[in-house]
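Please find below my note on the structure, set out as numbered points for discussion at the bench.

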Amino acid sequence: MSRVQLALNVDDLDASIAFYAALFAAEPAKVRPGYANFAITEPPLKLVLIQNPGHGGSLNHLGIEVAGTGAVDAEQTRLAGAGLASVEERGTTCCYAVQDKFWVEGAPDGERWEIYTVLADSPVQGPTEAPCCA
């Protein structure tokens with residue numbers, strides 16, 4: 001299973017949850033303080049909402065969720081072969097999940113792309129409780 005991830009900054013998390021629940025006819029898969037995500041089946045999409053007052057409506061980052069660490073490794077190897085650098089993060093806690101991932105560097109317009117797999121749920125957002133994707 002792979003799906004594209006779209007992480008948006010939102011001003012009002014509750015209003016955004018209500019809007020996207022109606023838009024995609026789906027309830028959030030996870031809601032935590034300042035954070036929510038939807039696992040949309042059709043179209044295959046992981047929609048992440050990150051409360052970031054004053055920055056609502058802007059892109060936080062993009063990603064591709066893959067089925068496991070082997071797929072993370074394969075994508076990192078493939079992209080390195082294409083000349084794209086990456087920053088690896090293994091066993092990291094981010095967005096209320098323990099993940100193996102890497103960030104792709106060098107996007108022409110500076111957008112942030114991550115390729116990741118979720119290893120486990122986490123009761124905390126990240127090591128410092130600050131938005132890990134801010």
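1. Thr-117 belongs to strand β8, which runs over residues 113–121. The model is a predicted one, and the values given for this residue should be read accordingly. The relative accessibility of Thr-117 is 2%, and the residue therefore counts as buried, the limit being under 20%.

2. Which backbone oxygen lies 3.2 Å from a polar atom of the Thr-117 side chain? That oxygen belongs to Val-66. Val-66 also appears among the contacts of Thr-117 beyond its neighbours within four places in sequence, together with Ala-67, Gly-68, Thr-69 and Val-72. The list is completed by Val-98, Gln-99 and Asp-100.

3. Helix α1 comprises the 12 residues 13–24, and its length can be checked. At 1.5 Å a residue the helix should span 16 Å, and its end C-alpha atoms are 16 Å apart, so the two values agree.

4. The two ends of α1 also merit comment. At the N-terminal end, Asp-12 acts as a cap, with a side-chain oxygen 3.1 Å from the backbone nitrogen of Asp-14. After the helix comes Ala-25, which has a positive phi, near 50 degrees.

5. Which residues of α1 are buried? They are Leu-13, Ser-16, Ile-17, Tyr-20 and Ala-21. Because these residues cover an arc of only 130 degrees around the axis, they lie on the same side of α1. Asp-14, Ala-22 and Leu-23, on the other side of the helix, are exposed. The buried residues of α1 are covered by elements including β1 (3–10), β2 (30–32), β3 (35–40) and β4 (45–51).

6. A general expectation is useful here: in soluble globular proteins, nonpolar side chains tend to be buried together. In this model the largest nonpolar core has 13 residues, of which Leu-13, Ile-17, Tyr-20, Phe-38, Leu-47 and Leu-49 touch the most other members. Two or more residues of this core come from each of β1, α1, β3 and β4. Helix α1 gives the largest share, four residues.

7. Leu-49 illustrates how parts of the chain meet. Leaving aside neighbours within four places in sequence, Leu-49 is in contact with Leu-13, Ser-16, Ile-17 and Tyr-20, among others. Its contacts also include Leu-8, Val-10, Gly-34, Tyr-35, Ala-36 and Phe-38. A second core, separate from the largest one, consists of seven residues, including Ala-7, Ile-50, Cys-94 and Tyr-96.

Note on methods: Residues are numbered from 1 along each chain as its sequence is written. This is a predicted model: local features need pLDDT of at least 70, side-chain atom pairs count only at pLDDT 80 or more; totals for chains, interfaces and linings use all residues. Side-chain values use heavy atoms; hydrogens and water are left out. The expected span of a helix is 1.5 Å times one less than its number of residues. Buried means under 20% relative accessible area, exposed over 50%, partly exposed in between (1.4 Å probe, protein chains only). The arc is that of the directions from the helix axis to the C-beta atoms. Contact means heavy atoms within 4.5 Å. A polar contact is a pair of N or O atoms within 3.5 Å; within protein, one must be able to donate a hydrogen and the other to accept it, and residues adjacent in sequence count only if both atoms are side-chain atoms. A nonpolar core is a set of buried Ala, Val, Leu, Ile, Met, Phe, Trp, Tyr and Cys residues joined through side-chain atoms within 4.5 Å.
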